[in-house]
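Good morning, everyone, and thank you for letting me take a few minutes of the meeting. Please have a look at the picture before I begin, and keep it open while I talk.

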Protein chains: 2
Amino acid sequence: MDLNKLINEIKNKKSFLCLGLDSDLSKIPAFLLKNNDPIFSFNKALVDCLHEFIVAIKINTAFYEENGSQGWSTLEKTINYINLKYPDLFTIADAKRGDIGNTSDKYAKAFFKNLSFDSVTVSPYMGSDSVEPFLKYKNKHTILLGLTSNNGSKDFQISSSDRNSLFRRVLEKSKKWKGSGNLMYVVGATKSDHLKEIRSIIPDSFLLVPGFGAQGGDLKETFENGVNKNIGLLINSSRSIIYAGNGDDYLDKSLQVVKAYQLEMNDLLNSLDD
Amino acid sequence: MDLNKLINEIKNKKSFLCLGLDSDLSKIPAFLLKNNDPIFSFNKALVDCLHEFIVAIKINTAFYEENGSQGWSTLEKTINYINLKYPDLFTIADAKRGDIGNTSDKYAKAFFKNLSFDSVTVSPYMGSDSVEPFLKYKNKHTILLGLTSNNGSKDFQISSSDRNSLFRRVLEKSKKWKGSGNLMYVVGATKSDHLKEIRSIIPDSFLLVPGFGAQGGDLKETFENGVNKNIGLLINSSRSIIYAGNGDDYLDKSLQVVKAYQLEMNDLLNSLDD
């Protein structure tokens, strides 16, 4: 997807909400378990119900790999359904891949070409030649882990013994990589105090912000510190939306949560015009 | 697999060779393409032919994900076949996963429980709580990326602006994590000049050493700098073995390469007794 299209969708829908499909057989409503592919039924119904209020969908590959080739087939059905029926939604494979060049080539082909995701999350640990195979694809976006939302981010990404934190070096170096125009970054919502600093390094890039909802990130603070001239934010919530309910009315419960998020986003976006 | 069993296998077979199944439809012998599942046929024949001379098998998930749910099914058939027929081989899912805790839980379950791999490669970027879900499994091994074989390792793992290199911090910190007895480390064969330093930090851990063969690593140098009291090395080669030939005689060609590697390893191991 061309970035201008994503920016227009955000402005039209007054939403920068990303729906995270961390869909788990042990947590979805029990009545779905009689279906042939319960996770696909769950995903399809959620996307059909929520698509007007979201601009992006993030599929966390771990939740599909857990179910082996059957799970991978569910992932394929889900992304194919979204691409066919809702081509205006920006799709994210949350896969956190990254390997030596000839292997990253395969991952890039798997997610960008075969599954037609618009983007994939990638770990920077192995450096430029592990990421550049992803950056070659036109209108495909590589979302590099910057500063993640979990506590373990303090182990290496932010290091007290290190004047120049790793996450900052990742932002600074990756800007110079070939194809860096196709980079976005993961910055956890629980790290919104770092957002101003991050924006000083990568003012123009889109940020995928997970950790909102179940992990406790604050939307207003994230927005105020992270917004740029193109909005530049995709705020993800997974568990707080998809498991809002687990009975027959689960879609209504999810819709209530999403509408509340979208209303808050609407107000924040309108505040930019003041 | 219990580590003592792996150590005994190394001593009995006089080999610390790991076979990397980076199996690629575009590179396997053409006559296999008529088979129902060509990659599985290729893998099965290679393992049947080479198992006496190797102690470990590494399956690179990217090469299977490239073929979607069909590829994932091939991966399942391959690991199931190895586990059933050659339970003495140490199996590695080269997946380079890593995510927040509840997601790493899923990856650990996918590889350790469902697919019964003995080990999985994991990226340290997200820190302790992204790795510890893997470390909980008894007799399962988490192979953390330390210093990788590719050029991009210079971007963050080794950094001139940083007195205390990232890869060293990864080794030092991870030693203290809960369940760290289940840790092994990836150290590229192209980085054998760093092995003595690495051994001073993690003297007892097993190292998975890729980059031998197609990537140019040197076996003798790696062995001399990396061997410990339990040998402590698994040297992987993928392309130089599996694509040694691509005609009807591809197995013979692969066997010749593997026998030559094993003979060199036999001599290196015998040199320890001198």
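I will go through the pair of chains, then the barrel, and then the interior.

Please keep in mind throughout that this is a predicted model, and that every value I quote was computed from it.

Let me begin with how the chains are arranged. As a general point, two copies of a chain are related by a rotation about an axis and a shift along it. Here, chain A can be laid on chain B by a turn of 180 degrees, with a shift of 0.0 Å along the axis and an RMSD of 0.0 Å. The two copies are therefore related as by a two-fold rotation axis. If you want to find that axis from chain A, look for A:Ser69, whose C-alpha is the nearest to the axis in that chain, at 2.5 Å. The two copies also use the same surface, since 100% of the contact residues of chain A recur in chain B.

How many residues does the contact take from each chain? It takes 47 residues from chain A and 47 residues from chain B. On the side of chain A that touches chain B, several elements supply at least two residues each, among them α3 (62-65), α4 (68-85), β3 (90-97) and α5 (101-114). Of the elements on that side, α5(A) gives the most, with 7 residues. If we sort the residues of this side of chain A by character, we find 13 nonpolar, 20 polar and 14 charged.

Now to the barrel. In general, strands of a sheet pair through backbone hydrogen bonds, either parallel or antiparallel. In chain A, 8 strands form a closed barrel with parallel pairing, in the order β1-β2-β3-β4-β5-β6-β7-β8. Neighbouring strands of this sheet are turned against each other by 30 degrees on average, with direction ignored. To take one pair, β3(A) and strand β4 (residues 119-122) of chain A run parallel and are joined by 3 bridges, and A:Ile92 stands opposite A:Ser119 in β4(A).

For a close look at a single strand, I would like to move to chain B and its strand β8 (residues 233-237). Are the residues of this strand buried or exposed? In β8(B), 5 of 5 residues are buried, and this covers both faces, with B:Leu233, B:Ile235 and B:Ser237 on one side and B:Leu234 and B:Asn236 on the other. Strand β1 (residues 17-21) of chain B pairs with β8(B) in the parallel sense over 3 bridges, and there B:Cys18 stands opposite B:Asn236. Strand β7 (residues 207-209) of chain B is also joined to β8(B) by 3 bridges and runs parallel to it, with B:Leu208 having B:Leu234 as its bridge partner.

Finally, the interior. The largest nonpolar core has 161 residues, of which A:Leu17, A:Ile54 and B:Leu17 touch the most other members. Leaving aside neighbours within four places in sequence, A:Leu17 is in contact with residues including A:Phe53, A:Ile235, A:Val258 and A:Met265.

My last residue is B:Leu46, which sits in helix α2 (residues 38-50) of chain B. Why do we call B:Leu46 buried? It is because 24 other C-beta atoms lie within 10 Å, where 20 or more are needed. Not counting residues up to four places away in sequence, B:Leu46 touches B:Ile242, B:Leu251 and B:Ser254.

Technical notes. Residues numbered from 1 in each chain as written. Chains lettered and ligands numbered in written order. Predicted model: local features only at pLDDT ≥ 70, side-chain atom pairs only at ≥ 80, totals over all residues. Least-squares fit on C-alpha atoms with pLDDT ≥ 70 in both. Contact = placed C-beta atoms within 7 Å. Helix = DSSP H or I, 4+ residues; strand = E, 2+ residues; numbered from the N terminus. Nonpolar A, V, L, I, M, F, W, Y, C, P; charged D, E, K, R; others polar. Core = buried A, V, L, I, M, F, W, Y, C linked by C-beta atoms within 7 Å. Buried ≥ 20, exposed ≤ 12 C-beta atoms within 10 Å, placed from the backbone. Pairing = 2+ DSSP bridges. Axes fitted to C-alpha atoms, helices over the stretch in contact; angles between N-to-C directions.
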